[in-house]
Amino acid sequence: MLKWLRSLKPIMIENSKVPVILSYVAPIEIWAIAFGPFVWCRGVMSDVVKRHERIHFAQQIECLFVFQWLLYLAFYLKGLVLGKKGADAYRSNAFEVEAYTHELDENYLENRPFYNWVNYL
């Protein structure tokens, strides 16, 4: 993949109602969510939250956005079919496992192999 993709960053929107509204239908209370070129957060984002959501942004770019969304839903539904509760199905999703595993690593995004989420399937 082209190196310039690593330099792309989402538009961060803090103090947004989007996560609040989405939490009504989600299995978890959403603090922040990456969707397309935006990251919405219900408050002020810490550096850890920014990294977590930028990992999701990188995943979305790799999957041309729409395929990441479809795979995310498929992984979540698979977790439910396997008998996991909503929050556990969410946390076991390969995209979330990668993001939670590396959100504390300040250098992860600069060194992250493309399509690294595949290693968490």
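This passage describes the strand pairing, salt bridges, surface patches and backbone features of a predicted model.

The strand pairing is considered at the outset. Strand β2, which covers residues 32–35, is joined by four bridges to strand β3, which covers residues 38–41, and the two strands run antiparallel. Within this pairing, A34 of β2 has V39 of β3 standing opposite. The two strands make up a hairpin in which two residues lie between them, and G36, placed in the turn, has a positive phi of about 65°. In a regular strand, side chains alternate between the two faces of the sheet. Such an alternation is found along β2, where A32 and A34 point to one face and are buried, whereas I33 and F35 point to the other face and are not buried.

Salt bridges form the next topic. Side chains that carry opposite charge can pair when their charged atoms come close. A search of the whole structure returns three salt bridges. One of the three salt bridges is formed by E29 and R42, whose closest N and O atoms are 3.4 Å apart. Because E29 is located in the loop between α1 (18–22) and β2, while R42 is located in the loop between β3 and α2, this pair ties together parts that are 13 residues apart in sequence. The two partners fall into separate classes of accessibility: E29 is exposed, with a relative accessible area of 63%, and R42 is partly exposed, with a relative accessible area of 22%.

A salt bridge is also formed between E62 and R112, with the closest N and O atoms 2.4 Å apart. E62 belongs to helix α2 and R112 to the segment after α6 (108–111), so that this pair ties together parts that are 50 residues apart in sequence. E62 has a relative accessible area of 5% and is therefore buried, and R112, with a relative accessible area of 3%, is likewise buried. The side chain of R112 meets that of E98 in a salt bridge as well, at 2.5 Å from N to O. Since E98 lies in helix α5 (residues 94–102) and R112 in the segment after α6, the contact ties together parts that are 14 residues apart in sequence. E98 is buried, its relative accessible area being 0%. Through the partners that these salt bridges share, E62, E98 and R112 are joined into one network.

On the surface, two patches can be described. A patch of negative charge is made up of D47, D105, E106 and E110, which gather there. Of these residues, D47 lies in helix α2, which spans residues 47–62, and D47 counts as exposed because its relative accessibility is 53%, where the cut-off for exposed is over 50%. The other patch is nonpolar and is formed by I21, L22, Y24 and V25, which together have about 470 Å² of accessible area. Within this patch, V25 is placed in the loop between α1 and β2 and is exposed, with a relative accessible area of 71%.

Two positions in loops were examined for their backbone angles. Most residues other than glycine have a negative phi. N15, although not a glycine, has a positive phi of about 55°; N15 is found in the loop between β1 (11–13) and α1, and its relative accessibility of 56% means that it counts as exposed. L64 likewise has a positive phi, of about 55°, although it is not a glycine. The place of L64 is in the loop between α2 and α3, and at 61% relative accessibility L64 counts as exposed.

A final point concerns a pair of residues separated along the chain. A74 is part of helix α3, which spans residues 66–81, and counts as partly exposed because its relative accessibility is 38%. A74 and N93 are 19 residues apart in sequence, and the distance between them in space is 9.1 Å from C-alpha to C-alpha.

How values were computed: Residues numbered from 1 in each chain as written. Predicted model: local features only at pLDDT ≥ 70, side-chain atom pairs only at ≥ 80, totals over all residues. Heavy atoms only, no water. Patch = residues over 30% accessible without salt bridge, like charges linked within 9 Å, V, L, I, M, F, W, Y side chains within 5 Å. Areas by Shrake-Rupley, 256 points an atom, 1.4 Å probe, with all protein chains shown as cover. Salt bridge = Lys/Arg side-chain N within 4 Å of Asp/Glu carboxyl O. Lys, Arg positive; Asp, Glu negative; His and termini not counted. Charge placed at Lys NZ, Arg CZ, Asp CG, Glu CD. Buried < 20%, exposed > 50% of the residue type's maximum accessible area, 1.4 Å probe, protein only. Pairing = 2+ DSSP bridges.
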